[in-house]
Amino acid sequence: MPILIHYRFIPYASFITFFGLYLGVVRNPNFSQYMRFNSIRCNGFGFKLMVWGYNVMFVFSCFCFVLVSCVMGKTPYLPFVADATGGQM
């Protein structure tokens, strides 16, 4: 419990932990592949950063797709959405 209290008290502790795990475990080939994968995946800051990055890339891709389609004067075709809509009509 004292470790958790200090972890919450120290500013940027999750950031420091992320780089500590990344440099100490993930980049170390002596650990098993599963240990390295789970240590980077379960880390709070790293996982949140990865999720935010994927979300930003997805929204940016959708925005560019719709914007380019609108500028070209065409109706955007989204494969799964268009198929579902066509089935409902």
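Isoleucine 16 is exposed, because its relative accessible area is 54% and exposed residues are those over 50%. Keep in mind from the start that this is a predicted model. Isoleucine 16 sits in helix H2, which covers residues 13-26. It also has company: together with Tyr12, Phe15, Phe19 and Leu23, Ile16 forms a nonpolar patch on the surface. The accessible area of these residues together is about 570 Å².

**Along helix H2**

Other residues of this helix show other degrees of exposure. Phenylalanine 18 lies in helix H2. Is phenylalanine 18 buried or exposed? Phenylalanine 18 is buried, since its relative accessible area of 13% falls under the 20% cut-off. Leucine 21 is found in helix H2 too, and with 28% relative accessibility it counts as partly exposed.

Both of these residues can be paired with a partner further along the sequence. Phenylalanine 18 and serine 39 are separated by 21 residues in sequence, while their C-alpha atoms are 9.1 Å apart in space. For leucine 21 and arginine 36, the separation is 15 residues in sequence and 8.8 Å from C-alpha to C-alpha.

Here are the relative accessible areas for residues discussed in this report:

| Residue | Relative accessible area | Class |
|---|---|---|
| Isoleucine 16 | 54% | exposed |
| Phenylalanine 18 | 13% | buried |
| Leucine 21 | 28% | partly exposed |
| Cysteine 62 | 34% | partly exposed |
| Cysteine 64 | 25% | partly exposed |

**What the record adds**

UniProt, in an unreviewed entry, lists residues 6-26 and 47-68 under "transmembrane region". In the model, the chain over residues 6-26 is 86% helix and 0% strand. The C-alpha atoms at the two ends of residues 6-26 are 24 Å apart.

**Two cysteines**

Now let us turn to cysteine 62 and its neighbour in the table. How many disulfides does the count come to? The count comes to zero. For cysteine 62, the closest cysteine sulfur belongs to cysteine 64 and is 9.5 Å away, which is too far for a bond, because a disulfide needs the two sulfur atoms within 2.5 Å. Looking from the other side, cysteine 64 is in no disulfide, and its nearest cysteine sulfur is that of cysteine 62. Cysteine 62 is partly exposed at 34% relative accessibility, and cysteine 64 is partly exposed at 25%.

**The whole protein**

Stepping back, what does the overall fold contain? The protein has five helices and zero strands, and reading along the sequence gives the pattern α-α-α-α-α. Of its 89 residues, 9% are buried; phenylalanine 18 is one of the buried residues. The accessible surface of the protein comes to about 7900 Å², and carbon and sulfur atoms account for 73% of that surface. Finally, consider contacts in the protein with a separation of 6 or more: residues 24 or more positions apart account for 23% of them.

Technical notes:
Residues are numbered from 1 along each chain as its sequence is written. This is a predicted model: local features need pLDDT of at least 70, side-chain atom pairs count only at pLDDT 80 or more; totals for chains, interfaces and linings use all residues. Side-chain values use heavy atoms; hydrogens and water are left out. Patches are made of residues with over 30% relative accessible area and no salt bridge: like charges are joined within 9 Å, nonpolar side chains (Val, Leu, Ile, Met, Phe, Trp, Tyr) within 5 Å. Accessible areas come from the Shrake-Rupley method with a 1.4 Å probe; for residues, only the protein chains shown count as cover. A salt bridge is a side-chain nitrogen of Lys or Arg within 4 Å of a carboxyl oxygen of Asp or Glu. Helices (H or I, at least four residues) and strands (E, at least two) are DSSP runs, numbered from the N terminus. Buried means under 20% relative accessible area, exposed over 50%, partly exposed in between (1.4 Å probe, protein chains only). UniProt positions are given in the numbering used here, feature names are shortened, and annotations may be inferred rather than shown by experiment. Contact means heavy atoms within 4.5 Å.
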